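Please look through the sequence and the model below before reading on. The report then goes through the model part by part.

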Amino acid sequence: GAAGGPGVGVDDVLPVCNLHRERASVSLGAVVGVYNDLKRSLEGDLSRLGLADDPTAPGRESLCTELRWLVEDSVGRDAADWRELLSGSTSPDEVAGRSLRSRLSPREIREVWRHRLSERVPIQYVLGTASWYDLELRVGPGVLIPRPETEVLLDLALRAMAGRGGALGRHPWLDLGSGSGALAVGLASHSQEACGQSVRVAAVERSDRARAYAEENVSRCGVGDLVSVLSGSWFEPVLDRVFGGIVSNPPYVAGEEMRGLQAEVGRHEPGDALYGGPGGGLDDLEHIASEAAGHLVPGGFLGLETGGGGQAEQLGELMMASTGGASSPWAEVEVRRDLQG
């Protein structure tokens, strides 16, 4: 029979990754059929829901990719069967009578997709997972979805960890405002290949909900022996500790920019993980930069994600400026472009 019976609402099947019920047998043709129907109706949906006139809304190509993710997450290991049909290498006649195992029935796939579009729910919250770097991370309401741009920060940190014969990898590292734990897990997962040794990472997160996701991701990614998830705000839980490197993707959206965020972000992702304060959104960035040097070994690395452009330049200037007659503790400050510039 199909997964899910009459009267099952969208809330009963989200996030898809938490559906622990046994995958039920559904018609392969029915799954492909509902996928093709939803894909064909996208243009009309975009117009009907006002997304076509919203410059921040995801476009048709992006939504087609998300729709494919939804089906693939539902059918799991049987995804190869329906991909084969979509590729055109298998004719519809050849799949007559064929079935696959699916968390969602074709009807539920349709309902969940309509919910994603009408409520502008991020697809990562719908699925309960986010693919980031080479990791599959659990996410949901209350935690910021890790972005591809932050992968650039991880690459820079791993490069610093590998430099000078892996010297900075001989010390623990710190991830501030860890959220889902993406950076902490990424550092721990790749430290061996970066510097020839496993590096311990402290991940600090003040939000109880986000911290729960970080703890789950540390466990499911197999780095529980290397990553410690700590409760607190910024440096509070590590006041007496020093690190080889510090990374952070703190809130940096300026006040006036909050109103213009994409609905998937502004309506659903946690505002306290986005809002960087009135004016230029530099409040948390400045705080971290002002305290970080005291928590780094000599020659240590600090990597911060910013909103780019003028914000990054302004932060760099503040870091290199002398304060109270003392010279800047930073030997070098570089602004690097990420995928968003």
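## A strand with two faces

A residue is called buried when its relative accessible area is under 20%, and exposed when that area is over 50%. With this in mind, one can look at strand E2 (residues 99-102), which has a covered face made up of Leu100 and Ser102, and an uncovered one made up of Ser99 and Arg101. Strand E2 pairs with strand E1 (residues 24-27) in the antiparallel sense, over 4 bridges, and in this pairing valine 26 of E1 stands opposite leucine 100 of E2.

## The model as a whole

This is a predicted model, and its mean pLDDT is 89, with 89% of the residues reaching 70 or more. Over residues 1-8, however, pLDDT stays under 50, and the model has 24 contacts beyond four places in sequence for this stretch. Where pLDDT is low, the predicted coordinates should not be read in detail.

The protein has 341 residues, of which 47% count as buried, and its secondary structure comes to 13 helices and 9 strands. If one takes the contacts between residues at least 6 apart in sequence, 73% of them join residues at least 24 apart. The accessible surface comes to about 15900 Å², and carbon and sulfur atoms account for 47% of that surface.

## The parallel sheet

An open sheet is formed by 5 strands in the order E7-E6-E5-E8-E9, and the pairing is parallel. Strand E7 (227-231) and strand E9 (296-304) are the edge strands, each of which pairs on one side only, while neighbouring strands of the sheet are turned by 20° against each other on average, direction ignored.

At one end of this order, strand E6 (residues 201-205) pairs with E7 in the parallel sense over 5 bridges, and valine 204 has leucine 230 in E7 as its bridge partner. Helix H7 (residues 149-166) lies across strand E5 (173-176), strand E8 (243-248) and E9, and the helix runs at about 165° to E9.

## Two nonpolar cores

In soluble globular proteins, nonpolar side chains tend to be buried together. The largest nonpolar core of this model has 35 residues, of which Leu70, Leu104, Ile109 and Trp113 touch the most other members. The elements that give two or more residues to this core are helix H1 (28-40), helix H2 (42-48), helix H3 (60-75), helix H5 (106-119) and helix H6 (123-127).

A second core, separate from the largest one, has 29 residues, and among them are Leu135, Ala203, Val218 and Val297.

Technical notes:
Residues are numbered from 1 along each chain as its sequence is written. This is a predicted model: local features need pLDDT of at least 70, side-chain atom pairs count only at pLDDT 80 or more; totals for chains, interfaces and linings use all residues. Side-chain values use heavy atoms; hydrogens and water are left out. Two strands pair if DSSP finds at least two bridges between them. Axes are lines fitted to C-alpha atoms, for helices over the stretch in contact, and angles run from 0 to 180 degrees between N-to-C directions. Contact means heavy atoms within 4.5 Å. A nonpolar core is a set of buried Ala, Val, Leu, Ile, Met, Phe, Trp, Tyr and Cys residues joined through side-chain atoms within 4.5 Å. Buried means under 20% relative accessible area, exposed over 50%, partly exposed in between (1.4 Å probe, protein chains only). pLDDT is the predictor's confidence in each residue, from 0 to 100. Accessible areas come from the Shrake-Rupley method with a 1.4 Å probe; for residues, only the protein chains shown count as cover.
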